[in-house]
Structure formats: C-alpha cells, structure tokens
Amino acid sequence: MARLFVPPEGWTAGELALPQSEARHAIQVLRLGRGDRVVVFDGTGRHADAEITSVGKRGAAVRILHVKQMVRPAPGLHLIIALLKGERFDWVVQKATELGAASIRPVAATRSVVRTERNDADRKLARWRQTAVEAAKQCGHLVLPEIFAPAPPEEAFRNAPPGARGIPALQPRGLPLPEFLGKATGEVTFAIGPEGDWTGDELRAAGSEGFLPLDLGSLVLRSETAALYVLSATSHQILGGAGGLTRSP
C-alpha cells in the first residue's frame with residue numbers, strides 16, 4: 001500500500017490535506033484516485049489507514065480510517081558525521097534512515113572538504129530532511145531521524161544523547177566494535193570523521209565528552225562506509241534487525 005507523508009502540524013481529525021509534493025506524487029506518479037486506500041504517516045510513529053477523498057489541480061485529501069502509533073525501539077542509534085562531498089552525504093542520510101537512525105548531526109570538521117554558508121546550509125538541511133522522508137516511504141519506517149543543521153564538532157559531541165559514545169579513527173587504536181557494543185548501555189552514538197580523519201584537537205574534544213576510540217579493523221573505510229558499517233552492526237547486535245519499530249502499548 002502506498003505511503004504518504006503528512007507532517008505533524010498538518011494532522012487534523014477526520015480529513016487531511018496532503019502536502020503539495022505528496023499530492024503530486026500520489027496523483028501523477030502513483031496514479032491514485034478517489035477511493036484508493038493509502039497509509040499516511042507523520043514521521044513520529046503516528047500513522048493511519050486512509051482513503052483518498054478528493055484529487056484535483058489544487059491538491060488531494062484523505063479521510064482517516066484508523067490511527068495507530070509505533071515507537072522506535074530502545075536504544076536509539078545516533079550518528080554524528082562530517083560533511084561529505086557531492087551526493088555522498090545525501091546517500092548517508094538515505095541509508096541511515098533505512099537503518100533506523102534516531103538522529104543525524106552533520107559537522108564541519110577541520111579536514112572537511114565541504115564548507116556551508118548559512119543560506120546553503122538551510123537549503124541542504126531541507127533536502128536532507130526530504131531525502132529522509134523518501135527513504136522512510138520506500139522502506140516502511142514510520143519514525144524519521146531528527147536531522148540537525150551543520151555545527152562544529154565540539155558542539156555535536158557536547159549535545160550527543162547520554163549513553164554509549166564511540167568515535168572510529170585511524171589513530172589512536174581503540175576498542176573493537178563488538179567489545180564496545182557488548183558494554184553499551186543507553187543510547188548509542190557514533191562520530192564519523194571526514195576523509196582526512198579527525199584532528200588531534202577534535203579527538204581530544206570528543207574524549208572529554210565521553211567518546212571512546214573505536215577500532216573498525218585493518219581496512220581504511222570511506223566515511224560513508226564507516227557510518228553504515230557501525231549502524232548496521234549495532235542494529236544487528238543490539239536491536240536484532242534493521243531498527244524495526246514496535247507498537248506502543
């Protein structure tokens with residue numbers, strides 16, 4: 001069944017107007033019409049079986065049939081990652097959403113090739129959030145990751161949720177990932193550096209916020225590969241799958 005996204009502020013009792021982009025997708029791409037059944041979701045776990053009641057040039061609306069609520073399993077998986085060139089960061093957002101990441105914090109590391117001005121950062125943030133919506137629609141996730149605006153690494157380290165914090169780096173060598181996950185309690189956050197790795201100052205800043213150096217093995221992984229590796233391994237070892245959702249009581 002087709003999934004359509006309606007942000008929380010757009011939800012009202014009875015009937016929902018689809019956002020313009022979702023209405024266009026439903027009508028022009030999916031070829032849906034009046035009477036067709038869909039699932040609408042708001043990215044927080046709330047979702048509903050619905051029926052399309054109207055379609056037209058000005059948009060489309062659906063009638064809510066049955067509202068349900070899902071919750072993300074604990075612990076949440078969080079990703080701090082340096083900005084990457086081209087579409088590589090978009091790809092990380094897409095795959096991290098599919099793997100059930102609870103949050104994504106982009107950082108402008110010292111060795112990041114990419115730099116963002118304020119206006120550009122706002123545009124990219126909107127694109128990343130839309131990428132997450134599309135990924136969630138495709139894979140069936142009902143809870144979107146919280147995606148933050150780019151920030152300095154020190155700020156991201158400081159604002160990471162309480163729990164297990166790990167930072168893969170070429171130097172110094174640290175705990176093997178399975179050992180780190182075996183000791184993890186609470187939320188789990190990984191900080192992935194840029195192509196040239198974290199600087200010594202950044203590693204020290206992370207260490208002062210409780211991030212433990214992690215060893216991902218003898219191979220030197222690209223940043224986006226390392227991000228997906230740690231998320232996949234954590235999802236498998238701690239959550240028993242790709243961040244699946246559970247029904248709230």
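This passage describes the fold, the strand pairing and the largest pocket of a single chain.

The model is a predicted one, and the secondary structure of its chain comes to seven helices and 13 strands. The radius of gyration is 20 Å, close to the 18 Å that the globule rule gives for 249 residues, so the chain is as compact as a globular protein of that length. Along its principal axes, the C-alpha trace spans about 60 × 40 × 30 Å.

In the earlier part of the numbering, strands β3, β4 and β5 are linked through antiparallel pairing. Strand β3, which covers residues 37-41, pairs with strand β4, residues 46-56, in the antiparallel sense over five bridges, and within this pairing V40 stands opposite A48 of β4. The two strands form a hairpin with four residues between them, and G43, which lies in the turn, has a positive phi of about 85 degrees. Strand β4 also pairs with β5, residues 59-71, again in the antiparallel sense and over 10 bridges, with D49 standing opposite H66 in β5. Here the hairpin that joins β4 to β5 passes through two residues.

A second arrangement is an open sheet of seven strands, in which the pairing is parallel and the order is β8-β7-β6-β11-β9-β12-β10. Strands β8 (146-147) and β10 (175-176) stand at the edges of this sheet, and because each has a single partner strand, one side of each is left without a neighbour in the sheet. Within the sheet, β6 (residues 77-82) and β11 (residues 187-192) pair in the parallel sense over five bridges, and I81 has I192 of β11 as its bridge partner. Three bridges join β9, residues 163-168, to β12, residues 212-215, in a parallel run, where G166 stands opposite L212 of β12. Strand β12 is also joined to β10 by two bridges, and these strands likewise run parallel; P176 stands opposite D215 in β12. Helix α2, formed by residues 88-98, lies across β6, β7 (103-107) and β8, and runs at about 175 degrees to β6.

Attention may now turn to the empty space in the model. The largest pocket has a volume of about 350 Å³, and of the 22 residues that line this pocket, the closest to its centre are A169, L170, D197, V220 and L221. By residue class, the lining of the largest pocket divides into 12 nonpolar, five polar and five charged residues.

Terms used. Residues numbered from 1 in each chain as written. Predicted model: local features only at pLDDT ≥ 70, side-chain atom pairs only at ≥ 80, totals over all residues. Heavy atoms only, no water. Pairing = 2+ DSSP bridges. Contact = heavy atoms within 4.5 Å. Axes fitted to C-alpha atoms, helices over the stretch in contact; angles between N-to-C directions. 1 Å grid on protein atoms, 1.4 Å probe; cavity = no way out; pocket = protein on both sides within 12 Å on 5 of 7 lines; lining within 4 Å. Points joined across faces, edges and corners; volume = space filled by probe spheres on them. Nonpolar A, V, L, I, M, F, W, Y, C, P; charged D, E, K, R; others polar. Rg over C-alpha atoms; globule rule 2.2 N^0.38 Å.
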